[in-house]
Every structure is written in C-alpha cells, then in structure tokens.
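Colleague: I have a model open and would like to learn how to read its features. Could you walk me through them?

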Amino acid sequence: MSAPRPLRTGSLRLRTAAAVLALVAVLLLVLTITVDVALGARLRAQIEDRLRDRAAATASLVGTVDDADLADRLSAQGLAVRIDGASGGSVVAGPSPDQLRNGPPGGPPAGGPGGEDRTPTTTTQDATGVTVTTSEVSGDDDLVTLRSTLSDGSVLTLTASAAGVQDTLVQVRWVMGLASAAILLLSAGAIVLVVRATLRPLDRVSQVARSIGAGERERRLNPTRPDTEIGRVATALDDMLDDVVGAENAAVAAEARLRAFLSDAAHELRTPVAGIRAAADTLVRADLDGPDRELLAAHVAREAARASRLVDDLLMMARVDRGLELAPVRTDLRTLVGAEAERARLLHPSLTVRERIPDAAVPALVDPQRIAQVVSNLVENAARATDGRGEVTVDLHASADRATVSVTDDGPGVPADERERIFERMVRLDAARSTGGVGLGLPIARGIARAHGGDVQYVSAVRGARFELELPLAALSTAEAPGAPFAAEVPDAPFAAEVPASRAEDEPGPGTRGGHARAGAPSDSTRAR
C-alpha cells in the first residue's frame with residue numbers, strides 16, 4: 001500500500017489573497033479591453049455618421065452649387081473630397097488620404113455641427129431631386145472612407161482621419177492602466193485585512209487544539225453555525241475531542257477496573273490458599289490420626305475446590321474477553337433447560353424448582369455446553385439468593401425468531417440502581433468477601449450469550465428477581481415436522497470442578513446477589529426431560 005500523500009500546508013492567507021488579487025486583475029483587464037473596444041467602435045461610428053451627414057448635405061446642393069465649390073466647402077472641414085460627375089469629370093479637393101494618414105489636421109468635433117444629428121443612409125429627397133442612393137464605408141485604423149452614389153449618377157467620396165480615435169484610445173488605456181494599478185494596490189491591502197479577519201476563527205481552532213493537547217480537556221469550540229465551512233471544521237474537532245476524551249476516560253476506567261479486578265482476584269485466592277497452607281502445615285508438623293486428620297484433609301480438599309472454581313471462573317472470563325471458540329450444533333432448548341432444572345433439584349433438595357417448557361421443539365444453533373453453563377449460572381444464582389430453600393421458576397418460550405429462558409426466584413431481588421452493575425466483574429451486593437463466589441457468574445453468562453448473538457438481562461418482577469436469557473432460533477428444515485423431537489446434545493460432564501458436598505458452607509447467606517454463581521455446567525446426574 002502506497003504511503004498517503006502529505007497534506008499541502010501552504011499559507012492559506014497568502015493563497016487566498018493571491019487568488020482574489022488575480023481575480024481582480026483579470027476583471028480589470030476584461031473591463032479595460034471592453035472599454036477600449038466599445039469606445040473605439042463608438043468614436044469610429046461618430047466619424048461615419050459625420051461623413052454621412054456631409055454626404056447628404058452635399059447631395060442637397062448638387063445642381064445648385066458648382067462641384068468645385070462643393071469640394072472646397074467639404075475640404076475646409078479637414079476632409080479629402082473627390083466628386084466623380086455623371087458626365088465623367090472629377091473634382092478633387094483637400095488633403096490626400098496619404099496626407100491624412102501621415103499628418104492629418106485635427107478632426108472635426110464628434111457629431112459635427114448640430115451635435116448628434118444623423119442623416120439616414122436611405123434616400124434623402126430635397127428640392128433639387130438629387131438623393132444619396134447607396135453608401136459604402138471602408139478604411140483602416142487611420143482612415144475612414146465613405147463612398148456614396150447619388151441619384152444623378154455622380155459618386156461622392158469623403159475620407160476623414162481616424163488618428164484622433166487612436167489618440168483618444170491611447171489616453172483611455174493609460175488612464176485605465178493607472179487606475180487598475182491603484183485599484184490592485186488598494187485591493188491587496190483590503191484583501192489582506194479581510195482575509196486575516198475572516199480566517200481568525202482558524203487561529204482560535206489552533207489555540208484550542210494546543211490548549212487541549214496541553215491538558216485542558218474540557219475546552220471546546222462550540223461553533224454558532226455548524227453548517228458553514230469553519231463551523232463544520234469546528235464541529236468535527238469538537239466531536240473528535242469528545243471521542244478522544246471518552247476513549248481516554250474509558251481507558252482510565254478500564255485500567256482502574258483491571259487493577260481492582262486483580263486486587264479482588266488476589267484477595268479471593270489468598271483466602272483458600274492460606275487455609276490450604278495452614279492445614280498442610282498442621283498435617284506435616286502435627287502427628288494427627290483418625291478424625292482430626294480426616295477433618296484437615298477435608299478442609300484442604302474444600303479450599304482447593306474453592307480455589308479451583310475461582311481459577312476456572314477467571315480463565316472463563318479471559319476466554320470471554322478474548323473471544324469464545326464456540327462449537328454450535330442444532331440443539332433442542334427444551335432438553336437443555338429440563339436437564340438444568342433436574343440438576344438443581346439434585347443439588348438443592350430443599351429448593352422448589354418449577355418448569356414451564358413448551359411441547360413443541362425449540363431448536364437453536366448453539367454450543368450446548370456453553371448455554372448449559374449460562375442456565376446453570378442463573379439457576380445457581382437463584383438458589384443462592386433463596387438460601388437453597390425458596391422457589392425457582394424456569395420458563396422457556398419461543399417467539400418468531402427468538403427463544404427466551406427466564407429464571408425467576410422469590411428472593412429479595414436486586415435494587416434498581418444495581419441491576420446493571422451486577423453484570424460487572426467482581427461485583428457482589430454482599431459485604432463479605434471471604435465466602436461464596438467472586439462476582440463473575442453473571443458477567444460470564446452475559447459474555448457467552450452475546451457470543452451466540454443473544455443476551456442476558458435483569459427484568460423487573462413483582463417479587464424476587466428475574467433473569468432472562470435470549471437466543472436466536474434456528475430455522476426448521478423441511479424434513480422436520482413442527483413439534484417433532486430431535487436429538488439434542490446435552491453435556492454429560494461438568495465444565496469445572498464438581499460442587500462438593502459441603503457446598504452450603506461456601507455459599508453466602510440469604511439475599512446474596514450479584515453474579516457470583518459458579519461458571520460450571522451440568523453434572524453427570526443431568527438427564528434429559
């Protein structure tokens with residue numbers, strides 16, 4: 001993968017100012033060219049209109065004034081005149097076109113006498129009856145020539161100098177150039193000030209970012225208009241800062257939880273290890289026989305089983321964090337739930353366990369050992385909450401695509417503000433740490449359920465506590481009739497160490513809650529319902 005292209009970080013102020021100045025310069029250039037072209041065309045049009053006026057006036061005098069006299073009158077106005085009579089004679093007066101091109105006298109005022117009066121190029125009739133029938137304009141940058149054909153057959157050619165037009169255009173160009181340069185200088189100063197004021201919010205963004213990097217995590221930009229360009233940048237930065245601060249707080253909290261977890265785990269392990277060590281020292285140092293030796297040996301076995309359960313729970317929690325490796329098979333949840341209910345009856349003879357299981361199969365694609373462990377945790381948690389002498393109801397029902405296993409007891413329940421905290425590690429609602437579980441049962445159960453695409457939640461109940469395990473159902477194949485039983489895999493061996501006969505000595509008293517059930521599985525005594 002190619003390395004990402006570096007971000008171009010040239011001066012935004014300089015680039016913006018240069019771009020605006022370049023745009024202003026282009027606009028001024030376009031304006032200058034437009035004025036030059038429009039003014040030049042207007043001045044030449046005025047000369048052409050003047051020549052047409054003179055031609056019309058001359059036509060009105062044909063027949064009443066001699067051609068030579070007419071030519072002299074026209075040439076006196078600085079025009080080169082040529083009159084070609086109908087009979088073949090020609091009269092030429094005034095400077096020649098070459099003389100007008102090289103050093104013409106000053107041209108007549110624009111519009112000629114009378115200002116803007118224009119004589120149409122169409123036929124003009126007067127008392128003599130001679131009119132201008134056609135007119136043709138030609139010339140170049142220095143000269144304008146009008147060739148008019150009169151109705152009596154004669155041809156009148158008038159030539160005027162256009163040098164004044166070029167002089168005027170040169171003056172206008174100088175004026176526009178100097179004005180454009182002054183405008184550019186003024187624009188440069190104004191643009192610098194405007195760009196600096198416009199980009200000032202970016203300076204604040206940089207200052208806030210640096211202050212946050214220096215430790216002021218609470219600083220935010222809070223843009224007034226998040227829909228603008230700078231507003232979008234500020235909003236994105238605020239969102240990023242919220243995420244960073246949230247991640248930082250989460251990391252700090254996670255580190256604190258890890259330290260607390262390690263401290264609690266070490267504390268929990270220290271108690272059984274200390275008991276085992278004391279009993280072992282007594283067995284080694286003292287010469288005991290008979291019941292005393294057997295009592296110490298039973299104590300060692302009990303404390304070893306307790307430590308083993310804690311280690312199993314810690315390992316299971318580590319597997320949940322790392323990602324469980326599931327072995328899903330098609331399982332009838334009725335058989336699995338019935339086996340766990342029967343197991344609870346065997347382990348807790350004084351506990352009343354009720355089952356509500358549908359007659360139709362409840363197929364699910366799950367790892368049966370893991371799900372049996374979850375149900376076992378929930379049932380053991382309920383038994384512990386009722387001190388092994390209460391009433392526990394295990395309910396299984398299925399909807400369109402979900403199966404729900406609920407475990408309800410008649411114990412003291414869980415306070416409203418603790419119902420989510422009990423799913424955290426090492427959380428127990430009892431104060432005693434030296435007995436019972438360590439608060440990993442419910443976190444393990446939730447982790448296993450979520451690995452299957454389900455969940456474990458606490459649900460409010462009228463009395464006691466109610467935990468629900470939700471799992472996605474597996475679709476029935478075409479070969480399976482609804483309600484027909486099929487083989488379900490139920491674990492035949494326990495997950496962890498078997499619960500010792502003296503289990504009651506290790507469990508907390510009535511009302512204990514908080515996810516400290518053993519992460520175990522059904523024992524060999526489990527049977528299908």
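Modeller: Gladly! One term before we start: contact means heavy atoms within 4.5 Å. Keep in mind, too, that this is a predicted model.

Colleague: Thanks. With that term in hand, which residues is leucine 469 in contact with, leaving aside its neighbours within four places in sequence?

Modeller: The partners of leucine 469 include Ile371, Val374, Val375 and Leu378, and also Ala403, Thr404 and Val405. Ala449, Asp455 and Val456 are on the list as well.

Colleague: How should I read a cluster of nonpolar residues?

Modeller: The general idea is that in soluble globular proteins, nonpolar side chains tend to be buried together. Here, the largest nonpolar core has 48 residues. Leu469 is among those with the most contacts inside this core, along with Leu378, Val456 and Phe467. Helix H9, residues 368-385, supplies the largest share of the core, eight residues.

Colleague: How many residues does the second, separate core have?

Modeller: That second core has 25 residues, including Val65, Ile83, Leu150 and Leu158.

Colleague: Now for charges. How do I read a salt bridge?

Modeller: Side chains of opposite charge can pair when their charged atoms come close. Searching the whole structure gives 20 salt bridges. One of them joins the side chains of glutamate 255 and arginine 259, at 2.9 Å from N to O. These two residues are four apart in helix H6 (residues 229-285), so about one helical turn separates them.

Colleague: Are glutamate 255 and arginine 259 buried or exposed?

Modeller: Glutamate 255 is partly exposed, at 40% relative accessibility, while arginine 259 counts as exposed at 56%. Another pair to look at is arginine 225 with aspartate 227, whose side chains meet in a salt bridge at 3.4 Å, N to O. Arginine 225 is exposed, with a relative accessible area of 51%.

Colleague: And what does Asp455, the contact of leucine 469, pair with?

Modeller: Aspartate 455 forms a salt bridge with arginine 450, and their closest N and O atoms are 3.1 Å apart. Aspartate 455 is buried, at 15% relative accessible area, whereas arginine 450 is partly exposed at 47%. Both belong to a network of salt bridges that also links Glu420 and Arg446.

Colleague: Last one: how far apart are serine 60 and valine 132 in sequence and in space?

Modeller: Serine 60 and valine 132 are 72 residues apart in sequence, and their C-alpha atoms are 9.0 Å apart in space. Serine 60 lies in helix H1, residues 12-61, and is partly exposed, with a relative accessible area of 27%.

How values were computed: Residues are numbered from 1 along each chain as its sequence is written. This is a predicted model: local features need pLDDT of at least 70, side-chain atom pairs count only at pLDDT 80 or more; totals for chains, interfaces and linings use all residues. Side-chain values use heavy atoms; hydrogens and water are left out. A nonpolar core is a set of buried Ala, Val, Leu, Ile, Met, Phe, Trp, Tyr and Cys residues joined through side-chain atoms within 4.5 Å. Buried means under 20% relative accessible area, exposed over 50%, partly exposed in between (1.4 Å probe, protein chains only). A salt bridge is a side-chain nitrogen of Lys or Arg within 4 Å of a carboxyl oxygen of Asp or Glu.
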